[in-house]
Amino acid sequence: MKKLTALLLSALMVVSMFTLVGCKQKPADELIPDAIEKTSELDAFDIDYKIAVDASVMGMGMDIPVSGKIQVASIDDIDDLELYASFEVDLSDMASLLGAYGGGEDFSDPIEGEIAYSDGWLYVKYNAMGEEGEAKSDVSDYIDDFADELKGMDMDDVMDQMPTEATAMIDAFKDMFEDLLEDADVERDGGNRVVELKIDTDDINDMIGGVMSIIGYAADLDLPGLSVENLKSTITVNRKEYIVGFDTEIEVSADISGIAFDVEAKLGFTLNDPGSKVKVKTIKGAKNFEEVDAEDLLG
């Protein structure tokens, strides 16, 4: 029996060695670009998102959690396109902040909203600080015009028409992303692979300064000073090499007319079952919403 056990263990070790050799892990600078390309080819998405903002103004802080869902199906066929999006914003911390300045608004209930689109119709429902609203509108003409514009759009022409400074900035971001991937490690998390990107804040602040200068010059505005103190992102890829998670943490400080602002934000996006069919949600009772002109609904 001992001999048989030893033989079986030896066989398992040999099989394991061949398995490990056959499953050589891709480095981050191959894994992430491949996963981005594969995920971008999907025709449908089901995404949950969470955003947690911790803002401080002149030493007074407040937390603002935001959460919701985004679903899209038939992206490649505008005639069959379906979309659903929801959001919930908790502004309860605003009560204490505005109370110090005499604000009397009621922020005890969250701001909630839903948006849906199918068959040329747009549906909207919201609840904000005691005010509720719901409406629907035929936006098929706008969708057709948008589709025609997309068909006639050439991205090479669009890039050629951009200011030289803007294209240079895009190239700089691409180069920085490639450098980050070359230095990043791939970690295992169950069946997923996780890549963490720690971004040099000096580099990102130089780029932001360039972008702010371009915007300020174009709009003839004196924009506030903005500084990123910390920035890191985590990308999660599943066994099928789809991106299933993207999380970012960022800390930003700004000075606007002598008033100091500090913001810490965490953004998390989860892609559910990529590659499977997405049954897009609808808004309950949407067909019975009051119909309004498309211009009124779209603003």
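**Figure 1. Ala52 and the residues it touches.** Leaving aside residues up to four places away in sequence, Ala52 touches Ile64, Pro65, Glu264, Ala265 and Lys266. Keep in mind that this is a predicted model. Ala52 itself belongs to strand S1. Its contact with Lys266 spans quite a stretch of chain: the two residues are 214 residues apart along the chain, yet their C-alpha atoms are separated by 5.1 Å. Is Ala52 buried or exposed? Neither label fits, because its relative accessibility is 40%, and that makes Ala52 partly exposed.

**Figure 2. Strand S1 and its two partners.** On one hand, S1 (residues 45-57) pairs with strand S2 (residues 60-73) through 13 bridges, and the two strands run antiparallel. If you want a spot to look at in this pairing, try Tyr49, whose bridge partner in S2 is Gly68. On the other hand, S1 also joins strand S11 (residues 259-271), again antiparallel, by way of eleven bridges. Here you can pick out Asp48, which stands opposite Thr270 in S11. A second place to check is Lys50, with Gly268 of S11 opposite.

**Figure 3. Strands S10 and S11 as a hairpin.** Now for the other pairing of S11: twelve bridges link S10 and S11 in the antiparallel sense. Thr270 turns up again in this view, as the S11 bridge partner of Gly245. How many residues sit between the two strands of the hairpin? There are two, and Ser257 in the turn has a positive phi of about 55°.

**Figure 4. The largest pocket.** The largest pocket has a volume of about 280 Å³. It is lined by 14 residues, and those closest to the pocket centre are Phe177, Leu197, Ser233, Ile235 and Phe246. Which elements each supply at least two residues of this lining? They are helix H2 (28-40), helix H6 (164-183), strand S9 (225-237) and strand S10 (243-256). H6 gives the largest share, with four residues. As for the kinds of residue around the pocket, eleven are nonpolar, three are polar and none is charged.

**Figure 5. The second largest pocket.** Moving on, the second largest pocket holds about 150 Å³ of space. Its lining includes Tyr84, Ser86 and Phe87, along with Glu112, Gly113 and Glu114. Also in the lining are Lys125, Tyr126 and Asn127, as well as Glu132, Gly133 and Glu134. Two or more lining residues come from each of strand S3 (82-89), strand S4 (111-118), strand S5 (121-128) and strand S6 (131-138). Sorted by class, the lining has five charged, four polar and three nonpolar residues.

**Figure 6. The largest nonpolar core.** This core is made of 20 residues, and the ones with the most contacts inside it are Ile32, Val195, Leu197, Ile204 and Val237. At least two core residues come from each of H2, H6, strand S8 (192-198), helix H7 (201-219) and S9. For a way in, start at Ile32: not counting residues up to four places away in sequence, Ile32 touches Phe177, Leu181, Val195, Ile235 and Val237. There is also a second, separate core of ten residues, and among them are Tyr84, Ala116, Val280 and Phe289.

**Figure 7. Ser118 and its surroundings.** Ser118 lies in strand S4. Why does Ser118 count as buried? Its relative accessible area is 18%, and Ser118 is called buried because the cut-off is under 20%. Skipping residues up to four places away in sequence, Ser118 touches Leu81, Glu82 and Tyr123.

**Figure 8. Stepping back to the whole protein.** To place the close-ups, it helps to know that the protein has eight helices and eleven strands. There are 299 residues, and 29% of them are buried. Among contacts in the protein with a separation of 6 or more, 58% are between residues 24 or more positions apart.

Methods:
Residues are numbered from 1 along each chain as its sequence is written. This is a predicted model: local features need pLDDT of at least 70, side-chain atom pairs count only at pLDDT 80 or more; totals for chains, interfaces and linings use all residues. Side-chain values use heavy atoms; hydrogens and water are left out. Two strands pair if DSSP finds at least two bridges between them. On a 1 Å grid over the protein atoms alone, a cavity is a set of points where a 1.4 Å probe fits but cannot get out, and a pocket is an open set with protein on both sides within 12 Å along at least five of seven lines; lining residues have an atom within 4 Å of a point. Grid points are joined across faces, edges and corners, and a volume is the space filled by probe spheres set on the points. Ala, Val, Leu, Ile, Met, Phe, Trp, Tyr, Cys and Pro count as nonpolar, Asp, Glu, Lys and Arg as charged, and the others, Gly among them, as polar. A nonpolar core is a set of buried Ala, Val, Leu, Ile, Met, Phe, Trp, Tyr and Cys residues joined through side-chain atoms within 4.5 Å. Buried means under 20% relative accessible area, exposed over 50%, partly exposed in between (1.4 Å probe, protein chains only). Contact means heavy atoms within 4.5 Å.
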